[in-house]
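Welcome to this guided tour. Open your viewer, keep the selection box handy, and follow along from stop to stop.

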Amino acid sequence: MSRLNLTVNGRPVELDVPESRYLAEVLREDLRLTGTKIGCNEAECGICTVLVDGTPVNSCVYPAFKAQGATIETVENLSTDGQLHPLQQAFLDHGAVQCGICTPGILMTSKALLDEKSAAGEVVTETDVRVALKDTSCRCTGYQSVVRAVLQASGQEVPPYIPETRAPQGEVGRAQPNPDALAKITGQARFSDDYEFPGMLHARTLRAGVPHARIVSINASAARALPGVHAVLTHEDVPGRNRHGLVNIDWPVLCDDKVRYVGDAVAIVAADDRETAAAALERIEVQYDELPPVTSATEAFDAGAPVVHEDWPDGNLLKHIKVAKGDIETGFEDADVIVDRTYRTPTVEHLFLEPECSVGVPAGYDPSTWGGDSDAQAKRGERSVHDKTTVYVGSQIPYQDREQVAAALGTEPEKVRIVATLMGGGFGGKEDVAGQIHVALLAEATGRPVKMLYSRQESLLFHPKRHATVIRIRTGATRDGKLTAVQSTIYGDGGAYASLSEKVLTRATTHASGPYDVPHVKVDCLAAYTNNAPCGAFRGFGVSQSCFAVESNMDILAGELGIDAVELRRMNTLDVGSVTCTGQTMRESVGLNECIERVDADMRDDGFRWSWEEGSSRFAWGLAVGYKNTGLGGGAPDKATAEVGLWLDENDEPRAEVRTSSAELGQGLPAVLAACAAEELGLPRDRVAVLLGDTDYCPDGGPTTASRQTYVSGNAARYAARTLKKRLAASANPGSSLAERVAGAVSQGIPTTAQYEYWAPETQPLGTGGDMHFAFGFCAQAVLCEIDMGTGEVRVRKVIAAHDVGRAINPLTLEGQVEGGIVMCIGYALMEHFIQEQGRPWTNVMARYSAPRIAHAPEIVSHIVEHETADGPFGAKGVGELPSIPTSAAITNAIQRATGVRVRSLPVDQDALLRAIREGEREIELGWGDRESIPFVRFKE
Amino acid sequence: MMAHWQHYHVPQTVAEAVALLERYDGGARVVGGGTDLLLDIAQGRAPAPQALVDPTRIEGLGGIGREDGFVVIGCGATHTAINRNPDIVAHGTCLAESSGVIGGPQVRNVATLAGNIAHAMPAGDGTIGLLALAGEVETVDASGRRWRPLADVFLGPGSSAIDHHRALLIRMRFLPTVEGEGSAFYRVMRPQGVALPMISMAARLQADADGTIAAARVTIAPAGPVPCLSEAASDTLVGSPAGREAFEAAAQAALGSLSLRDSKYRASRAYREEMVRTHLPKVLSVAAERAAGARIEPWGEGK
């Protein structure tokens, strides 16, 4: 321990801490200033930025003693005397806050820029903002709102960018910041790692480190003997079911007979601190008998391929998914032109900027036992007495977590409680259980709270990714451009465990003929078990993959037919009355043609050209369209329950709270739920609070996936509010106010809380030809790319997008979904690849995985199309995934137009592209990170 | 994060720093901004030392100034400070340019050029600007201080002639470009997950009043185990009239003498060769224009 003197947020502090401390650790752990977040410990993501003597630094790798004597500013110091800093106000107004995990770092980096420019008497330019924020990442917003907010905060007139939508109806349709945004801009928002329970232990996980092996023996005795270690658990210590999984229960809680990927959990340790827990891991001896790994979906079914799950009856075939419509032979006989290509998409990492963290609290925990304060009134958090095993976690599916934790503990779900903390991004990557089960086991084993925080590197290694696919697709059309047939075979790499592979790849399959009216379709998808990282949910959910293939083929077809690419699409779009490839008749809410019209009109402004040259660059437009189901579909029961409570506050004014377990990932669900309930109750929205994700206090809203929550939980909140309002009206005088009705109900003993279990319209299983889904969102995106013909570098300069969302409930958070989704898909096209070699990730640090930074974020022009769906709340359908679907194909279509080179593997490799340009090649098969050409795919009979 | 060192020293004088290194007798390691070294330690690529000795706050070594006709850069100077220093922008432009594109702003605000040199990476996009300027470095250890050419420091990938357990790199210097001289830097990155350039190039040229090249230093990296000076390119340039023909010939000469390599995930050899062929002439052209007195804004982010 040594003496460290700092001035932190204007206050002198003196601490005795080890000299090995980093500044972020001193701030978060010693000073409990948890507004500063840690995203990578690699100086890559920048979210830990604080100011040292006014200069932005990455506090996660800044030695605390390097700051000896310095003045430190953190996000907690931004607002003074309750007055928000102009940056904070601008971030609120512009919706530049989504999940909020990066917000403190972005705010502090921006503050340094504003201070510097203001001291120099200079105007802040957009370039200044982009240079200053170059390495401060945000995975949610797409940066446009951030740039505009910083410019506004610098004193310029830059209004929030909010697309035009239908006039508001009361609280619905009004642009409003998400209610939790205020806590996120002041550093008060609490994510899982910000919880610190008295008596808490720290846990680590021993991971396999080998992709495929039989476990011969595990010896943990040396680890158990290490001082400071409180528990070491292996599969023998799991009291209940040693498997979990969202669809198939095939994923070991702790591996017993085999390990199937390098990130597999073999043992878990709880100790006084993370260092001791790590030291214990090194003392666990595991003997493996290594097996050859299965390393790709296309090789998984080869004769003699190693088998990943010996107990699975179909070998490495996780699922064969089939879609058929009409007669494919006839379809190709009717075609004058047939385009037949094979495409490849990479494994992709969510890179949510908050690594996974769970805190388990044992049943019977009383903080006063460990020197903490105990508050009998506290319902959750560090001061509350916990009567059940409780897990604090940012999770997309709290009730399923509860079920899976209970199964592993060997107890009833009702004896477990999940408390949702804020989530620093999810994007589908926080659906499978991560440490939830492990901390519950360790908490019960030690009788103490236990925190399991994954490092960025462990998060990369462990969690399910987006499926890599190889897609062969054959598209047939008549000479005048009418599609006659689409045939496709898709190989999807599901990785070591099933996760949501079946669902994801079903979506890839059912969307594999695009949003087009095609008479004859045949699609086969083979989902494979391999020894790669498991793959599961990821925004776009399989459709991002198949859309790339579909929309690439459409542009090739347009070229071969000599028909304008927009016109060819327009001639074939789904519309009301069309029948999808699964046999579903579209009865309403098909806004695709309007999306195309809006984008096309905007793109073809005065002097429009598809492509042109400027200096050493070529510019070109590319277009793609997409669609995406709202809701689970396929016959799955799709329901959400919400509860609405009303009471009178100290001024006798009515206030309401909406409660449901549905998750907020940063997408803005609380604002939507508050608007839906407020509109029904006739209350202003700021009088409606929202509580999410506490399984003891919130009814089940179901999984936050499939772009479903606005629809299902929005409806549940709305109908619960309506039920409550009717009940109060029934016992009140006509003409009485809501306040009088609440007071009257209380005095008569009438409950002022109502629940509503909302069931979405019924859907039918795939293959039955009925309604596979109850709604679809549609979109069109035109992308302007600049290709540096000297280096092959590709830049997206502008995106014009139109999204049919049914009804915009909150245009501000909606636009955040659009911009963030588009930029995420730019990353898919140009940057992102989680590379695995022989089952081992080359991408083992964040420095080897780039996702879009502010430099990659283009100008986005957004049109909102509102073709209402009858059963959606106020006509709304889902938008969460839609924007992340067509951008990649639009980009490669633009590249083709600019350079003559068709790129068939993502992400686009400027090295391969430049060489193709130089050598006159017309198509390339190597994306960045690919070592071999796309494998040959035979159509499945 | 793990505890990786027990002591973090911030000496105030060179003597104190040298004494500390002596005292630890090999158990201490010199650290600058730490943005490479601390990650190497955390990720197991470098052993954890008992103590870190941080010389960036030593009196007189934090800044940039002139001495004996040289531009002298202290070991505490960050890449941000170098990038923004008017003297370096005007008289060591390629170094200002190369210092402005390393990492992001937060990294450049703490990472030092001295640390970058000591790290001795073959890509050396920070160091090749100084190498083109014919930079020198001053080290100090128990036996005293000495200046030596920068080129002599690099021994191999990640290996330098400075014993970072016993010696400190305390200052760097170069002779500023004067009338008739100019320098330039350029690099090509890819957007994917490799935080290193595909290729970097820097040049310093001196031209006579009639436009004949009198002196040239051309550096390219990665083009071998250490940041590389292409003597073939320099030889081709000297005596030729500054212009496209000479610059293209220099690029050809560089290609003939360098060992550009295929590196998995970073760049193919063919791509690197193409970059040298097409972009080295551009770098030389900018340097020559600057030598002829043209005011060309430094290249960098946002440009």
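Start by selecting W647(A), which is partly exposed at a relative accessible area of 35% (buried means under 20%, exposed over 50%, and partly exposed in between, using a 1.4 Å probe and protein chains only). A word before going on: this is a predicted model, in which local features need pLDDT of at least 70 and side-chain atom pairs count only at pLDDT 80 or more, while totals for chains, interfaces and linings use all residues. Residues are numbered from 1 along each chain as its sequence is written, chains are lettered from A and ligands numbered from 1 in the order in which they are written, and side-chain values use heavy atoms, with hydrogens and water left out.

**Around the tryptophan**

W647(A) sits in strand β25 (residues 639–648) of chain A. Helices (H or I, at least four residues) and strands (E, at least two) are DSSP runs, numbered from the N terminus. Which residues is W647(A) in contact with, leaving aside its neighbours within four places in sequence? Select E653(A), P654(A), R655(A), A656(A), E657(A) and V742(A) to see them; contact means heavy atoms within 4.5 Å. Now add H230(A): its C-alpha is 46 Å from that of W647(A), and the two are 417 residues apart in sequence.

**Two positive phi angles**

Next, go to R32(A), in the loop between α1 (23–30) and β3 (49–52) of chain A. This residue is not a glycine, yet its phi is positive, near 55 degrees. R32(A) is partly exposed, at 35% relative accessibility.

Then pick L351(A), in the loop between β15 (337–345) and β16 (357–361) of chain A. Its phi is also positive, about 50 degrees, although L351(A) is not a glycine. Is L351(A) buried or exposed? With a relative accessible area of 3%, L351(A) is buried.

**A covered helix**

Select residues 887–899 of chain A, which form helix α21. At 1.5 Å a residue, its 13 residues should span 18 Å, and the end C-alpha atoms are indeed 18 Å apart; the expected span is 1.5 Å times one less than the number of residues. Of those 13 residues, 11 are buried, including T887(A), I891(A), I895(A) and T899(A). Just after the helix comes G900(A), with a positive phi near 80 degrees.

**Two cis peptide bonds**

Move along to L906(A) and P907(A), joined by a cis peptide bond with omega about -5 degrees. P907(A) lies in the loop between β34 (902–903) and α22 of chain A. Chain B has a cis peptide bond between A221(B) and P222(B), where omega is about -5 degrees. P222(B) is in the loop between β13 (213–221) and β14 (228–229) of chain B.

**Where the chains meet**

Finally, show both chains. The contact takes 60 residues from chain A and 47 from chain B. Together the chains bury about 4300 Å², 53% of it on carbon and sulfur atoms; buried area is the accessible area (1.4 Å probe) that two parts lose on being put together, summed over both.

How many salt bridges cross the interface of chain A and chain B? There are 7, each a side-chain nitrogen of Lys or Arg within 4 Å of a carboxyl oxygen of Asp or Glu. For one of them, select E274(B) and R918(A): the closest N and O atoms are 2.3 Å apart.
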